[in-house]
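I am opening a notebook on a structure that is new to me. I will write down what I look up as I go.

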Amino acid sequence: MRFNCISKTFYALIQSSTFVNLYLYRTTTSKDEFILFKRCLGQENNRYKTILSFLSGDEDNDYLNPISHDLDVTYLSSPYNFDNDQLIGPCHGLIALMDSVTTFLTNPSTRNYRILPPNPFCCQEDFYRSSQAVGFGFDSIANNYKVVKISIIYMVDNDDYPQEMERKVDIYDLSVDCWREIDHTVAQLLTTFCCVSCSQMFYRGVCHWVASLDIDAYVILCFEMSTEIFYSSEIPETCHLINGPSCRLVILHDSLTLIYHPYPEPVISVEKDLINIWIMKDYNKYESWIKKYTISGLLIVFPLAVWKGYLLLFQSRSGCLMSYNLISNVVKQFSFHGCPKSFRVLLYKDSLTSIPTESENTTQVDKF
C-alpha cells in the first residue's frame with residue numbers, strides 16, 4: 001500500500017485488476033490473518049456506541065495488538081439495538097456490516113467503505129416487514145457481489161396481534177446498483193424456516209444460516225449465490241429452541257464447522273455444560289461430519305471464530321473477549337470489553353479489492 005505514492009506508474013500497477021487478483025490469491029498462512037472486531041459500549045439513555053477494532057496477532061504468545069486506532073461507527077448502525085448486527089465475509093477481501101436496516105461494505109485493509117441504498121420495498125397499511133436473515137457473497141458466474149435479505153411480511157389485526165402473511169427475498173446486485181425481489185414462489189418455500197440470529201456464513205459461493213423447522217428440528221439453510229436457489233443440509237446433532245444447545249457456524253481448517261454450545265443460563269447442569277465442535281470434512285456430505293473437539297466447563301455467551309486454527313475466540317458472560325486454546329486447553333482474557341452479546345469477529349487477510357459502484361447516482365465509496 002505504501003508504494004501507491006511513489007509514482008504514477010506504481011499507482012497504476014497496484015490499482016490494476018491483474019495486480020489486485022495476484023495479491024488476493026497469493027499464498028498465505030494463518031500468520032497473515034488479521035481480526036476485525038466489533039463491539040458496543042453502553043451510553044446514556046439506553047444508547048450504544050459501536051466500535052470497530054483492527055487487530056493483529058502475536059506470533060509467539062497469541063496476544064492481540066491493535067494495528068490502528070479504534071473507529072467509532074455508531075453512525076453506520078442503530079444506536080439503540082445491536083441484536084441484529086452482523087459482520088459477514090470476508091468475500092474477496094470485502095466485509096459487510098449489516099443490521100435489519102443498514103448495510104455497509106468495507107475493505108478493512110484499505111479502510112474504504114460504502115453504505116448501500118436502503119431497501120425500497122415497503123408494505124401496505126396495516127402490514128409491516130420484519131428482517132429475518134441477511135447475507136453477503138459473490139456470484140462467480142456473473143462476477144458480481146450480492147446482498148440478500150430474507151423478510152417476513154406481517155399483518156396486524158384489530159387485537160394488534162401480528163399474523164405472518166408471506167416471505168420476501170430481496171437481492172442487491174452491486175453490478176447494477178439496485179434492489180430487486182426474487183421470484184415469489186421461491187420465497188414461499190421458506191415459510192417453514194426460521195433463521196437463527198447472526199448465524200450467517202458465506203462459504204464456497206453459498207450463504208449458510210442455522211435455521212429451525214420447529215422447536216427441535218434444526219438444519220443449515222443454504223442459498224447459492226449464482227443460481228439463487230435455496231436448499232437445506234442436515235446437522236450432526238440436534239438443537240433445541242428453548243433449552244439448547246445452540247450452534248454457530250465458523251470456518252476451521254478451511255472446512256464448514258458447527259460449534260454447539262449451551263445457552264448462558266445462571267446455572268448449567270453437568271450434562272449440558274459441553275461445547276462440541278463438528279467439522280464437515282467433505283462439503284455438503286452429511287456422512288463427513290466429524291466431532292473434532294469436546295470442551296467442558298467453559299462459560300461463554302457464544303463463540304465468535306477460530307483463529308490460527310486452534311484458538312476459539314468467544315465472549316465471556318462478563319463482557320470480555322477471551323480465547324480457549326484447543327490444543328493446550330489454556331484460557332486467556334484480552335483487554336477488550338463491551339456489552340454482553342454485542343461482540344462480532346471476522347478473520348481477514350490483506351487485499352486491495354475495490355468496492356464496486358456502478359452508478360454515479362447511487363452511494364459512493366468513502367474512507368474511514
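These entries cover strands, cysteines and aromatic rings, in that order.

**Entry 1: what I am looking at.** I note first that this is a predicted model.

**Entry 2: strand 2 and its partners.** I started with strand 2, residues 48–57. Is it enclosed or open to the outside? I found seven of its 10 residues buried, so the rest of the structure largely encloses it.

I then looked up its partners. Strand 1, residues 34–42, pairs with strand 2 over nine bridges, in the antiparallel sense. Within that pairing I found lysine 38 opposite leucine 52. The two strands form a hairpin, and five residues lie between them. I checked the turn and saw that asparagine 45 has a positive phi of about 60 degrees.

Strand 3, residues 64–66, is joined to strand 2 by three bridges and runs antiparallel to it. Here leucine 55 has proline 66 as its bridge partner. Strand 4, residues 71–72, also runs antiparallel to strand 2, with two bridges. Isoleucine 51 is matched there with aspartate 72.

A reminder to myself: strands of a sheet pair through backbone hydrogen bonds, either parallel or antiparallel.

**Entry 3: a four-stranded sheet.** Next I traced an open sheet of four strands. Its order is 22-23-24-25, and the pairing is antiparallel. Which strands sit at the edges? They are strand 22 (302–307) and strand 25 (331–337), and each pairs on one side only. I read an average twist of 25 degrees from one strand to the next.

I looked at one edge in detail. Strand 22 meets strand 23, residues 311–315, through five bridges. Proline 303 stands opposite phenylalanine 314 of strand 23.

**Entry 4: charges over rings.** I searched for charged groups over aromatic rings. Arginine 248 puts its charged end over the ring of phenylalanine 302, 4.2 Å from the ring centre. Lysine 308 lies over the face of tryptophan 307, and the distance to the ring centre is 4.6 Å.

**Entry 5: cysteines.** How many disulfides does the structure hold? I counted zero. I wanted to know why, so I looked at two cysteines.

For cysteine 195, the closest cysteine sulfur belongs to cysteine 194, and at 7.0 Å it is too far for a bond. Cysteine 195 is buried, with a relative accessible area of 9%. For cysteine 207, the closest cysteine sulfur is in cysteine 91, 8.6 Å away and again too far for a bond. Cysteine 207 is buried too, at a relative accessible area of 0%. My cut-off for a disulfide was sulfur atoms within 2.5 Å.

**Entry 6: aromatic pairs.** I count 13 aromatic pairs. One of them joins phenylalanine 37 and phenylalanine 343 edge-to-face, at 5.1 Å centre to centre and 85 degrees between the planes. Phenylalanine 37 lies in strand 1 and phenylalanine 343 in the loop between strand 25 and strand 26 (344–348), so the pair ties together parts 306 residues apart in sequence. Both phenylalanine 37 and phenylalanine 343 are buried.

I then turned to tyrosine 203 and tyrosine 283, an edge-to-face pair at 5.3 Å centre to centre and 75 degrees between the planes. Tyrosine 203 is in strand 14 (residues 201–203), while tyrosine 283 is in the loop between strand 20 (274–280) and strand 21 (289–296). This pair links parts of the chain 80 residues apart. Tyrosine 203 is buried, with a relative accessible area of 11%.

My last note is on a cluster: Phe37, Phe336 and Phe343 form one aromatic group.

Notes. Residues numbered from 1 in each chain as written. Predicted model: local features only at pLDDT ≥ 70, side-chain atom pairs only at ≥ 80, totals over all residues. Heavy atoms only, no water. Pairing = 2+ DSSP bridges. Axes fitted to C-alpha atoms, helices over the stretch in contact; angles between N-to-C directions. Buried < 20%, exposed > 50% of the residue type's maximum accessible area, 1.4 Å probe, protein only. Phe/Tyr/Trp six-rings, centres within 6.5 Å; stacked < 30°, edge-to-face > 60°. Lys NZ or Arg CZ within 6 Å of the ring centre and 35° of its normal.
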